[in-house]
Amino acid sequence: MSTPSLAALPIRRLTLRDLTACADLSENRGWPREEHKWGLLLAAGKGFGIDDPEGGLVAACVVTEYGSWERVDLGAIGMVLVAERHARQGVGRRLMRHVVSAMGTTPLTLHATPNGLPLYEELGFKVTGRAEMLTGRFTPGGPESGVPTRAATAEDLPSILRLDDGVFGVDRTPLITRLPAFADQLRVAEEDGRIIGYAAAWPNMDTHVVGPLIARDTETAQALIASLAAHTFRPLRIDIDIRHEKLLTWAKERGLTSVAFNAVMTYGITDLPGDWTRRFAPLTVAAG
């Protein structure tokens with residue numbers, strides 16, 4: 001029996017049962033396996049993939065939808081991967097066109113690596129910003145912040161959701177409510193009993209990824225990062241919007257090193273909703 005052509009292989013929805021195959025695909029392309037992150041994205045979002053007749057996946061991606069039950073206001077595309085032996089044969093383009101078509105008129109966003117940028121531009125995505133990825137061991141130093149932080153409790157969740165909704169610009173309750181189980185740490189910053197920022201640190205291979213990071217101002221963001229770092233022995237990783245120059249400088253002075261830049265892109269909207277001045281880092285670049 002002959003092997004079907006790539007163009008004839010159907011695109012299907014992925015589920016949590018595909019987690020190992022997704023992790024295998026990541027590893028095939030030289031990425032970390034990231035089972036923990038894949039698990040969150042497949043549970044909270046919609047996975048799309050193409051099965052390889054010889055086993056595993058030819059390609060995969062995930063869309064995380066935000067908004068109300070009645071209407072999706074924003075879709076974040078991430079984890080777009082094509083197996084090495086099927087690369088540069090139009091598979092990624094076909095998968096992305098399918099996803100864009102499936103999302104209809106819903107505005108879309110994604111973080112693009114330099115390699116993926118030409119494809120996304122061809123499909124009509126526009127660069128609207130950049131994020132800088134930093135990683136390393138955090139070294140405390142300098143004057144201590146006067147912004148108090150503490151571990152979040154279950155009672156804080158409604159306040160966190162209200163703050164997040166105002167800053168992110170669309171409702172992402174299904175994702176944020178998973179943070180207590182997904183993250184190793186979830187901390188809040190307070191002023192006069194009012195939550196003015198929050199941040200999580202979740203495990204990804206040998207690092208703790210800091211995200212989301214929502215804060216009233218740079219000083220509050222610094223306090224949250226420092227408090228997360230004080231409660232882990234792992235190196236940190238964080239993807240910071242490059243417009244937050246002061247935070248980037250501060251983080252580098254404390255041991256974090258720049259390792260990559262990603263382009264923030266949108267489709268169907270000229271810019272992301274919400275308040276970027278208080279949105280310092282995403283939960284993960286795969287989910288916007």
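Ala, Val, Leu, Ile, Met, Phe, Trp, Tyr, Cys and Pro are counted here as nonpolar, Asp, Glu, Lys and Arg as charged, and the others, Gly among them, as polar. The model is predicted, and local features were accepted at pLDDT of at least 70 and side-chain atom pairs at pLDDT 80 or more, whereas totals for chains, interfaces and linings use all residues. Residues are numbered from 1 along each chain as its sequence is written, and side-chain values rest on heavy atoms, with hydrogens and water left out.

Pockets were identified on a 1 Å grid over the protein atoms alone, as open sets of points where a 1.4 Å probe fits, with protein on both sides within 12 Å along at least five of seven lines, and lining residues are those with an atom within 4 Å of a point. The largest pocket has a volume (the space filled by probe spheres set on the points) of about 1200 Å³. Its lining comprises 39 residues, with Trp31, Val80, Leu81, Thr113 and Asn115 nearest the centre, and divides into 18 nonpolar, 14 polar and seven charged residues. Among secondary-structure elements (DSSP runs numbered from the N terminus, with helices, H or I, of at least four residues and strands, E, of at least two), strand E4 provides the largest share of this lining, six residues.

The second largest pocket holds about 370 Å³ and is lined by 18 residues, of which Pro143, Glu144, Ser145, Gln222 and Ala226 lie nearest its centre. Helix H8 (residues 218-229) contributes the most to this lining, with five residues, and the classes are represented by eight nonpolar, seven polar and three charged residues.

Five aromatic pairs were found in the whole structure, a pair being rings of Phe, Tyr or Trp (its six-membered ring) with centres within 6.5 Å, classed as stacked for planes under 30 degrees apart, edge-to-face over 60 and tilted for the rest. One of them, formed by Tyr66 and Phe168, is edge-to-face, at 5.2 Å centre to centre and 70° between the planes. This pair links strand E3 (residues 57-67) with helix H5 (residues 157-168), the partners being 102 residues apart, and both residues are buried (under 20% relative accessible area with a 1.4 Å probe and protein chains only, as against exposed over 50% and partly exposed in between). Arg172 lies over the face of Phe168, at 3.9 Å from the ring centre, under the criterion that NZ of Lys or CZ of Arg is within 6 Å of the ring centre and within 35 degrees of the ring normal.
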